Each structure stands twice: as structure tokens, then as C-alpha cells.
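Here's a quick walk through a few spots worth looking at while you have the coordinates loaded. Take a look, then read on.

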Amino acid sequence: MIITNNDWVLNKYKDIYNVVYIDGTFKDVLIAVRDKIHIGHELLTHPLGSSVKPSETPYKSVIVSDNKNYTSFDSIYMIENAIITYDKFNKDKLKLISDKVKEDLKLIDLTVLESALDI
Amino acid sequence: MEVKILKLELGYIFIKDIQFSDVSKVENGTLYVNKEEVKALILEDQNFKTADVELAKPGESVRIMPVKDVIEPRVKVEGPGGIFPGMVSKVDTVGSGKTNVLKGAAVVTTGKIVGFQEGIIDMSGTGAEYTPFSKLNNLVIICEPIDGLKQHEHEKALRFAGYKVALYLGALAKDLTPDEVEVFETPNLVEGIKMYPELPRVAYVFMLQSQGLLHDTYVYGVDAKQTLTTMIYPTEVMDGAIVSGNCVSACDKNTTYHHLNNPIIYDLFKEHGKTLNFVGVIITNENVYLADKERSSNWSAKLAGFLGVDGVIVSEEGFGNPDTDLIMNCKKIEAKGIKTVLVTDEYAGRDGTSQSLADADVSANAVVSAGNANEVIELPPMEKIIGHVEVADVIAGGFDGSLHKDGSITAELQVITGATNEMGFNKLSAR
């Protein structure tokens, strides 16, 4: 299951994977992921970026398992930590990015996601 | 013929100045460059519509931005293979014989690949203190892609342009007598144990960024995302076996220059036979898929255990999800009774009080910090800008109002190329 607020991801994968589209912020995506984990979905990709910080991009895509199982402590730890990390960054800059930059950020989010989908 | 000790001699030709000239050559410590030949070399790749080349020297009032990669010119003089194997040279194994280095020179690539631009190098002023590249004689490549070129194709074209120009300059050193020679010898496992049986055995776990466009590293041309944790001779790294396709974010990405001059490898060689027995280098990736993180860190720990080392140094690249790889490597290696020392940078907030990494564990009790990337700095205006100054507001570490009318920039340390390099490249320290 891909949880994302990136419409490029939705449009490209909605017929192939189970895509849950969040019409909201990066944090809304993290919260949605956290909620899924608490009911037993497993986190499959790390919820943070690896260089583009939460203060620099509004887009995030995270993969969790389609099926529910037992609630994984490792997954809870990772997502809760990600939310704490997210909160410590100043997000004022995000209000001012141009449409061209937004497209580039969507692309980066998409390519990082695809590195996990083996594409 | 069995090679019990792999030997590489690095011959340094010290470069103290760089100038444009009719003929490209190195003479009396000056690197002379034929501008038109370099431009023609870049434009061999039809993905570029224009190419230009500029010089940036230490102490000049020059700002280069956005910086993608920095590469040191080197050339194989003796021994198999060529510099940057698998990329612009064939895949023959490097790391032995002789390699000449134009020490004090660098090729810097710039260009708008995506909208959020990365990397500033100031050649003087406050900013110059935070980057090692302000001390080098830089040949800066500025090239514009053809219209409609996709970002990943642009990134690839620019990456290769950098290596080609670095090889072109390096070739000028091939027949020169070096000013100084440094010898690096790596014994095989059996020889190593025989040579220094009483010294603690130490390995280096070298983490490579591997997450996608602008976040990639290549080993003999192979995308590190696709690799299993493995071993490499430290001298292979000195011949460019590992190169950077990574440019986000500027302060803690390992440029190709950093890879060639990995200070952890250099320092381990210095201590080899004195305070420790430098056994070897384990390279491991930083994928975003969690099972890959588990697999790779399991493998690092397995190899460290198999080598029977007493301790490892682990260096990370990046921030955020690679912090999880760092902690996994640390925990699993420590669980085998092997001591670890981690080298990383911090994102501890503007005041330095937030948790520095996105992950933590009690076994990570020996950590060397390369600096706080959230630290705010003021960069004075520079007389000359090579590149695009208007991107200051959108680069990592910049914020609205970063670029002031007088050309000065207020931004986080993140914006400066190499500022908090996680191999511990820089000399600034805090007490």
C-alpha cells in the first residue's frame, strides 16, 4: 500500500498498487501512516527522506504492507520518531516554492519511491 | 602471481595556480588549460546545447552556485585500469601501481538539474572557512542542457562531463615527475595478521547514499542501490572506484573529491602498523526500503565478524533515513562484540538542542560529530557569481529572504558544499 500526497504517484500507480491518497501535508501523510501501523500494517519504507528535509519538500510517499498482522514495535518506533523529527524543522519555506520547484520535488519523491519498488 | 601486499603509489604534482592558455599543460606548479578544448570535450555529449568554463581561485571574491560535484584530476601511470573504472574507464580492477594527482586543483560541475539547487562554494570570506574547496584552484564547468532533457539524463550527462574533464586534466600529469610520493600498502588477511599480531584489528564500514535521482553513488559503475554489502581495497577508492551521483544536501554529500581523498582511509593507513592493524574496507548502501536496510546492515555485521576485527569506524552519508542504517550497522556490529565509532553530522536545530539524528541507540556511545548543519551563517556578498545566484532562497538550508539585496546570504550551514562532511574531512573543531 502506498500512502502519498504526491499526485504524480497516485496517477502513475493507482491501477497497479493500492494507493491511499492524502490531500494534505507531509505530516498528514506521516499521521496516516502511523494510524495504519497502529492497526497492524507494517512499515516497508523509511518515512523520512535521506537528504531532502521535511522543511524542503511538501511531498512524501511511504509504503506499508497491504495486509494487517500484529502491530510491529519497530514500525511504531520508526514512524513516531519520524514525526518528532518532522516537527523540529521550520516549514515556513514551503509556503513559497514555485510550481516548477514543486514539480521537481514531486519527481524526487517519485524516484525515491521507485527505488523501493525496484523500478 | 600471488599478491600478498597490494601497493599503490600516489604521486602528487602540487598545483598552486590555474590559468587559461593556448596549450593545456602543467608547468612549474601552474595548470594551464585550453578553454576551447575543454568546451569541445563537454559538447561531445549532444545533450548539452552550450558549455562554458571559468576559473575560481583561493582568495578571490567569487561564489559558485549551484554546485553539483567536485572532482580531483588523477591519472593512472602504471598498473591495471583507469581512473573512474566502470564510468569513463573500463572495469579493470584499480588500486595498484602508480597514480599521479594534480593536488590543489579540482573540477567543479554546476547546473540547474532540479529547481531546488544545491551547494555554494565561496572562495573567500566566512563561507570559505567551511568548505575545503575554497583552497583549491577550480575549473568550473557551466553547461546548459538541450530543451526538454529529462532531469535524470541531465544529471547523468553532467556527471560524466565532470569525469571526462577531470581525466583530460589528469592526463596532463601522466609523464610528470611527482613533487611528492605517498605509498599505500594493503596486505591480504593472512599477511596482515602475521605482520602485526599484537595490534587491534580495525575495519572501516563505508556507507554509501543510494536512494534515487540526485541521491546515488556508483561502485565500478554499478548503482549502489543494487549492491550487496561487500569489500573493496582502500586503494581502489583512491583510483575513483566509488563516485558520486549525489548532490543533496550540499553540506553532507560526499563529492567525488571526498571519495578520492577519504580521510578515514588516509588516517587508517597512517596508523596502520603503529596503533592499529587496518584490515580493510566494507562498503554498504543506504536504501529506502527497510528490508534492504536490514539486509545490508546484517551483511556489514556478518563481514565484520568474519574478518575477526576488534573495532570498526562507520561513516554515514546523508541525514534522516540513513540515520537508521547507521544505527542498525552500529547495533548489529556491537552485538558481535566489536566496538564501533560512528562519524556523522547533526541536524540539531538552530540552537543545537534538538536530537541530532533521526534515530538512536544506547550502543552508539562513541560518535564523532562533523558539525551541526542547522547552524545559521551569514555569507558576505561576492563580486563575481559563477552560476545562478537567485537560487539561494530555495536551496536546502536557504529560506525566503536568504538572498539579500546586497548579494549577501543568510542560510544554514547546509548550503555550503562539504561543510559538515561525514568522513570528517574538515579541520574546524569545537572544544
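## Disulfides and buried cysteines

This is a predicted model, and the disulfide count over all chains comes to 0. For a pair to be counted, the two cysteine sulfur atoms would have to lie within 2.5 Å of each other.

What about the surroundings of the cysteines in chain B? Cys143(B) has a relative accessible area of 2%, so it falls under the 20% cut-off and is buried. Cys251(B) is buried too, with its relative accessible area down at 0%.

## A covered strand in chain B

Next up is strand β14 of chain B, which runs over residues 201-209. How many of its residues are buried? The tally is 9 of 9, so the strand is mostly covered, with buried meaning under 20% relative accessible area.

Both faces of β14(B) are covered. One side carries Arg201(B), Ala203(B), Val205(B), Met207(B) and Gln209(B), while the other has Val202(B), Tyr204(B), Phe206(B) and Leu208(B), and all of these are buried.

## Who pairs with β14(B)

Which strands sit alongside? β14(B) pairs in the parallel sense with β19(B), residues 277-286, over 9 bridges. Within that pairing, Val205(B) has Ile282(B) as its bridge partner.

There is also a parallel pairing between β14(B) and strand β20 of chain B, residues 311-315, this one over 5 bridges. Here Ala203(B) stands opposite Val312(B).

## The second largest pocket

Now for some empty space. The second largest pocket has a volume of about 430 Å³. It is lined by 20 residues, and the closest to its centre are Asp74(A), Met78(A), Glu294(B), Thr324(B) and Met328(B). Which elements give two or more residues to that lining? From chain A they are β3 (41-43) and α3 (73-87), and from chain B α7 (290-307) and α8 (321-334).

As for the chemistry of the wall, the lining residues split into 10 nonpolar, 3 polar and 7 charged.

## A buried isoleucine in chain A

Last stop: helix α4 of chain A, residues 99-116, which holds Ile108(A). Is Ile108(A) buried or exposed? Its relative accessible area is 5%, which is under 20%, so Ile108(A) counts as buried.

Along the chain, Ile108(A) and Lys60(A) are 48 residues apart, yet their C-alpha atoms are separated by 9.7 Å.

How values were computed
Residues numbered from 1 in each chain as written. Chains lettered and ligands numbered in written order. Predicted model: local features only at pLDDT ≥ 70, side-chain atom pairs only at ≥ 80, totals over all residues. Heavy atoms only, no water. Buried < 20%, exposed > 50% of the residue type's maximum accessible area, 1.4 Å probe, protein only. Helix = DSSP H or I, 4+ residues; strand = E, 2+ residues; numbered from the N terminus. Pairing = 2+ DSSP bridges. 1 Å grid on protein atoms, 1.4 Å probe; cavity = no way out; pocket = protein on both sides within 12 Å on 5 of 7 lines; lining within 4 Å. Points joined across faces, edges and corners; volume = space filled by probe spheres on them. Nonpolar A, V, L, I, M, F, W, Y, C, P; charged D, E, K, R; others polar.
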